[in-house]
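Got the sequence and the 3D view open? Let's walk through it together with some questions and answers.

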Amino acid sequence: MSSQTAPAPTLSVRPMSERLGAEIRGIDLSAPPDAQAFAAILQTLHRYGVIFFRGQKLSPDQLAAFSRCFGELDIHHMTEHVFPHLPQVRVLSNVKKDGVSIGITKGGMHWHSDLSYKPQPALVTLLYAVECPPTGADTQFADMYAAFADLPEAERKKLQALHAVHDRNYRYSALYPGRPPLTPEQVAKVPPVEHPLVRVHPATGRPALFVAKDVVSHITGMTEGESRALIDKLEAFATRPDRVYSHKWQPGDLVVWDNRCTLHRATPYDPQYRRTLYRTQVRGETPVAMTS
Ligand SMILES: O=C(O)CCC(=O)C(=O)O
Ligand SMILES: [Fe+2]
């Protein structure tokens, strides 16, 4: 055998449930995986929507290198708390140095899909735990394929023809009371955008609900009351505990989620503990509606 023979695959997959979330074991991501290993990782992400790896030791550059396997990295429109040499990697943290936060604190405590308020929302997000509290601060994920599939057929038919307006500014001040309101310039950079209420995942061909009550201001063509009732009902249905995976963080965890078929949110924790994560985001595509 030549020395170029691919190593025997050592990856193993441990599903968290039949539908959502899986741990991948047997790989060190400090060097980007070879094509065969990456194909297995991507297939697992497409199958389970959220994947994670434990016990990783990644610098911001190594996280960026692995993240690039999934596509081109975004530079977030909020430019604070990135590494100066690597603006693709952002820091989420409650740690303060000389009285100043080293990262974004208290982001994303409402259900959302990253950057859904942009014409091309985020594809995949990667979050790597440097340090985390012993309990609390889980990141929760909801299965938006299941949320759609579990609806009665007549309702699915009705929803697949609808469009929802995602608006960054809709509840911004209520969601982030500690932050100053968006400036007119910031608002102008993220005007409301209309997306299909049901989107088809281009890789799996499966339809997923695409809605979140604190980001979607209304459904096109419906009265405000009808719209609000439908949006709130759909989010509550989608995020029922049996459709949610809660990730309990350990330092060295890398979680990867697909924003096209999941919602997620951060949860509270005791602020006496330090929590620091590195984050990257893969540039997305325009959501595609169902055709029939
Ligand atoms: O801090 C968390 O648990 C999740 C934050 C979040 O929503 C994100 O990084 O996109
Ligand atoms: Fe998020």
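Here come some questions about this predicted model, each with a short answer.

Q: Where does asparagine 94 sit, in terms of strands and loops?
A: Find two strands first: strand 5 covers 86-93 and strand 6 covers 96-97. Asparagine 94 falls in the loop between strand 5 and strand 6.

Q: Is asparagine 94 buried or exposed?
A: The cut-off to keep in mind is that buried means under 20% relative accessible area. Asparagine 94 has 18% relative accessibility, so it counts as buried.

Q: Which backbone oxygen does the side chain of asparagine 94 reach?
A: Start with what asparagine 94 touches beyond its sequence neighbours up to four places away: Thr105, Tyr269, Pro271, Tyr273, Arg274 and Arg275. With one of them, tyrosine 269, there is a side chain to side chain polar contact of 3.4 Å. The backbone oxygen that the asparagine 94 side chain reaches, at 2.7 Å, belongs to tyrosine 273.

Q: How many disulfides does the structure hold?
A: Let's recall the basics: a disulfide is a covalent bond between the sulfur atoms of two cysteines. Now take cysteine 261, whose closest cysteine sulfur is in cysteine 69, 19 Å away and too far for a bond. The count of disulfides in the structure is 0.

Q: Which cysteine is buried, with a relative accessible area of 1%?
A: Try cysteine 69 to begin with: its relative accessible area is 28%, so it is partly exposed. The buried one, at 1%, is cysteine 261.

Q: The structure holds 9 aromatic pairs; what kind of pair do phenylalanine 38 and phenylalanine 70 make?
A: Pairs like this get two numbers: a pair of aromatic rings is described by the distance of the centres and the angle of the planes. For phenylalanine 38 and phenylalanine 70, the centres are 4.9 Å apart and the planes are at 80 degrees. Planes over 60 degrees apart count as edge-to-face. So the pair is edge-to-face.

Q: How many residues apart in sequence are the parts tied together by phenylalanine 38 and phenylalanine 70?
A: Phenylalanine 38 is in helix 1 (residues 35-48), while phenylalanine 70 is in the loop between helix 2 (60-67) and strand 4 (82-83). Both count as buried, phenylalanine 38 at 13% and phenylalanine 70 at 10%. Their pair therefore ties together parts whose separation in sequence is 32 residues.

Q: What kind of pair do the rings of tyrosine 128 and tyrosine 278 form?
A: Tyrosine 128 comes from strand 8 (residues 124-131) and tyrosine 278 from strand 18 (residues 276-282), so the pair ties together parts 150 residues apart in sequence. Both of these tyrosines are buried. Their ring centres are 6.2 Å apart and their planes are at 45 degrees, so the pair is tilted.

Q: Which arginine has its charged end over the ring of phenylalanine 210?
A: Arginine 179 lies over a different kind of ring, the face of tyrosine 176, at 3.9 Å from the ring centre. Over phenylalanine 210, with its charged end 4.6 Å from the ring centre, sits arginine 199.

Q: Which residue has a polar side-chain atom 2.9 Å from an oxygen atom of ligand 1?
A: The residues around ligand 1 include Asp114, His264 and Arg275. The side chain of aspartate 114 has an N or O atom 3.1 Å from a ligand 1 oxygen, and histidine 264 also has one at 3.1 Å. The residue at 2.9 Å is arginine 275.

Key:
Residues numbered from 1 in each chain as written. Chains lettered and ligands numbered in written order. Predicted model: local features only at pLDDT ≥ 70, side-chain atom pairs only at ≥ 80, totals over all residues. Heavy atoms only, no water. Helix = DSSP H or I, 4+ residues; strand = E, 2+ residues; numbered from the N terminus. Buried < 20%, exposed > 50% of the residue type's maximum accessible area, 1.4 Å probe, protein only. Contact = heavy atoms within 4.5 Å. Polar contact = N/O pair within 3.5 Å; in protein donor to acceptor, adjacent residues only side chain to side chain. Disulfide = S-S within 2.5 Å. Phe/Tyr/Trp six-rings, centres within 6.5 Å; stacked < 30°, edge-to-face > 60°. Lys NZ or Arg CZ within 6 Å of the ring centre and 35° of its normal. Near = heavy atom within 4 Å.
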